[in-house]
Amino acid sequence: MAMLRRPLPCLTAITLSLALSAPAAGQTLSLELPDQAASPSTFDDSPTFELPSLTQRDTQAVSGEETRLGRAWLRQFRAHAPLWQDPLAEHYLSSLVARLLPYSQVGGIDPVITLVASERLNAFAVPGGVIGVNAGLFAFAQGEGPLASVLAHELGHLSQNHYARGQRRAEQTRLPAMAAMLAGMLLAAGGGGDAGIAAAMGSQAALFQDQLAYSRRFEREADRLGLQTLANAGYDPQAMVEMFRAMQQMAALQGGQPPEFLLTHPVSESRISDAQARVAQLPAGDNRRDDTEYQMVRARALLAIHDQEPRQALTRLQRDDAPPAARRYVTALIDAQEGRTDAALSTLEALAAQWPDLALLPATAAEVALDAGRVDDAIRRSRHQLRLMPGYAPAGLLLGEALLQRDPGEAYRVLRELAARQPENPQVFTLLAEAAGRSGHRAWGHLARAEQLQLTGRIDRGIEQLEVASDIAKIEGDPNTLARVEQRREAFVGYRETMEKFK
């Protein structure tokens with residue numbers, strides 16, 4: 001039985017490809033999971049995965065068309081980029097963005113977070129509120145404040161919609177230009193490297209022309225708004241200045257290969273000085289903020305990067321003087337990887353007693369139990385956590401996955417509820433398709449499979465699965481599922497039309 005669980009942490013590499021169209025259709029009755037790369041290390045460490053920024057838009061709320069473009073781009077991105085599939089890290093990042101968002105002046109978006117399996121330092125934002133972060137950014141940022149500063153900067157770009165501001169003289173070309181730039185990002189993600197960046201930046205330059213002079217002003221605007229966001233959210237805005245200086249130092253050490261983030265967000269001494277001057281005008285914030293949860297998530301990122309030599313993650317945390325709790329946490333994860341399940345669970349339980357408000361600790365224990373084949377223990381732990389923390393998505397996902405081996409019908413119920421709350425999460429629909437198939441909900445099995453396919457950029461195959469679901473619903477006399485299928489078919493066709501803009 002194909003399962004989502006992988007040895008901690010879970011890293012799935014989606015096959016890199018330069019093709020931007022959907023793969024050829026397979027068997028329409030299949031409920032198979034996506035093909036997975038078979039290499040020992042699925043983490044992307046090649047120098048070709050580079051993403052230019054697309055955070056330049058108008059001061060008004062993001063338009064519906066921009067949102068559709070951004071979501072369609074995300075589907076293609078998932079089909080071509082290596083993804084770091086770690087529900088605990090993703091939930092943490094979503095919570096951090098939600099903490100910053102009310103203070104960011106960004107309106108009209110429902111953020112979607114994606115994690116990238118790359119050790120390179122980068123983050124990006126795309127029209128429609130798609131926010132991506134490389135595992136390498138967690139590794140580089142030694143505290144939550146520096147990571148939050150990068151996110152606040154990106155939200156600053158989004159709040160001012162810098163893209164459309166640069167396009168006011170050519171409004172009729174704004175959306176085609178955006179599509180061209182998104183296509184360039186996909187080319188870079190698919191292994192095009194410099195060619196992808198050239199395509200994206202070339203499209204931008206051709207359309208910005210005399211607006212290029214405003215780019216530095218846009219960066220400083222994003223800095224100013226990001227600093228204000230940090231301060232209002234309770235962070236020390238000095239963290240942004242410190243992050244800039246650390247990036248500048250890293251760029252100097254790397255010479256001709258600066259981090260991707262600096263390719264589109266160049267840091268000059270004058271920009272740092274300007275940011276420092278603005279910090280002096282803001283409240284100091286809490287520079288003693290507890291970073292324990294962040295350091296535990298950072299530990300997961302470091303383990304993902306050093307998946308072949310996990311003890312390097314512990315060495316890195318020790319070198320950076322991470323809190324003792326984070327070092328104990330990464331030790332527990334290493335114990336779990338090396339088969340010392342009892343020791344790992346004992347450490348995690350002790351940490352959970354010490355830090356009862358950190359949801360990732362009991363969820364990690366359930367994850368460890370499930371990976372060790374202790375299915376009933378994983379079910380018990382997940383259910384207990386959901387009673388105490390209703391709606392905690394990682395625990396719901398773990399419970400659904402574990403229930404697949406004991407009670408597929410109950411797994412189907414749990415995962416359907418989770419899918420309703422997380423309609424942009426391919427992992428949920430992957431498990432839901434399997435749970436539906438095993439519990440006799442055939443039409444919903446194909447419907448869930450269709451959702452998983454369209455969320456990962458394979459729209460044509462998703463539509464084929466919808467056709468199968470429709471046929472089954474008609475045979476079974478299920479008008480509710482049939483209505484749902486018809487509704488989703490219209491949405492899928494709309495996504496397919498939007499995705500054509502990238503070709």
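Leaving out residues up to four places away in sequence, Q295 touches Q142, G143, L317, A322, P323 and A326. The model is a predicted one, and this residue makes a handy way into it. Q295 is part of helix α12. With a relative accessibility of just 4%, Q295 counts as buried, since the cut-off for that label is under 20%. The chain also brings distant stretches together here: Q295 and A141 are 154 residues apart along the chain, yet their C-alpha atoms are separated by 9.8 Å.

Zooming out, the protein chain has 23 helices and five strands. Of its 503 residues, 58% count as buried. What about contacts between residues at least 6 apart in sequence? In the protein chain, 74% of those contacts join residues at least 24 apart.

Next comes the nonpolar interior. In soluble globular proteins, nonpolar side chains tend to be buried together. Here, the largest nonpolar core has 124 residues, and the members that touch the most others are W84, F138, L147, L151, Y329 and L360. Helix α12, residues 292–305, gives this core its largest share, which is nine residues. Take L147 as an example: setting aside neighbours within four places in sequence, L147 is in contact with Y92, L93, L96, L137, F138, A141 and Y294. Another core lies apart from the largest one; it has ten residues, and F77, L83, V116 and V126 are among them.

Helix α12 turns up again when it comes to packing. Helix α2 (residues 87–100) packs against α12 at an angle of about 140°, and the two axes are 10 Å apart. That angle makes α2 oblique to α12. On the α2 side, the contact is made by L88, A89 and Y92, while α12 brings in E293, Y294, V297 and R300. The crossing of α2 past α12 is left-handed.

A second helix pair is found further along the chain. Helix α17 (residues 375–388) and helix α18 (residues 393–403) have axes that come within 9 Å and cross at roughly 150°. Angles over 145 degrees count as roughly antiparallel, so that is the label for α17 and α18. For this pair, the contact involves V375, A378, I379, S382, R383, Q385 and L386 of α17, together with A395, G396, L398, L399, A402 and L403 of α18. Here too the crossing is described as left-handed, with α17 passing α18.

Charged side chains pair up as well, and the structure holds 28 salt bridges. One of them is between E269 and R245, whose closest N and O atoms are 3.3 Å apart. E269 sits in helix α11 (residues 269–279) and R245 in helix α9 (residues 238–254), so this pair ties together parts that are 24 residues apart in sequence. Are these two partners buried or exposed? The label falls in between: E269 counts as partly exposed at 41% relative accessibility, and R245 counts as partly exposed at 38%.

Another salt bridge joins the side chains of E338 and R311, at 3.3 Å from N to O. E338 lies in the loop between α14 (324–337) and α15 (341–354), while R311 belongs to helix α13 (residues 311–319), so the pair ties together parts that are 27 residues apart in sequence. E338 has a relative accessibility of 39% and counts as partly exposed. R311 is partly exposed too, with a relative accessible area of 42%.

D320 forms a salt bridge with R316, and their closest N and O atoms are 3.5 Å apart. D320 is buried, with a relative accessible area of 17%. This pair belongs to something wider: salt bridges that share partners join R298, R316, R319 and D320 into one network.

A last stop is R71, which is placed in helix α1 (residues 64–80). Although arginine is a charged residue in the pairs above, what matters here is how covered R71 is: at 11% relative accessibility, R71 counts as buried. Which residues does R71 touch, not counting those up to four places away in sequence? They are D110, V112, G128, V130, E424 and Y495.

Conventions. Residues numbered from 1 in each chain as written. Predicted model: local features only at pLDDT ≥ 70, side-chain atom pairs only at ≥ 80, totals over all residues. Heavy atoms only, no water. Core = buried A, V, L, I, M, F, W, Y, C linked by side-chain atoms within 4.5 Å. Buried < 20%, exposed > 50% of the residue type's maximum accessible area, 1.4 Å probe, protein only. Helix = DSSP H or I, 4+ residues; strand = E, 2+ residues; numbered from the N terminus. Contact = heavy atoms within 4.5 Å. Salt bridge = Lys/Arg side-chain N within 4 Å of Asp/Glu carboxyl O. Axes fitted to C-alpha atoms, helices over the stretch in contact; angles between N-to-C directions. Parallel < 35°, antiparallel > 145°, perpendicular 65-115°, else oblique. Left-handed = near helix turned anticlockwise from the far one by under 90°.
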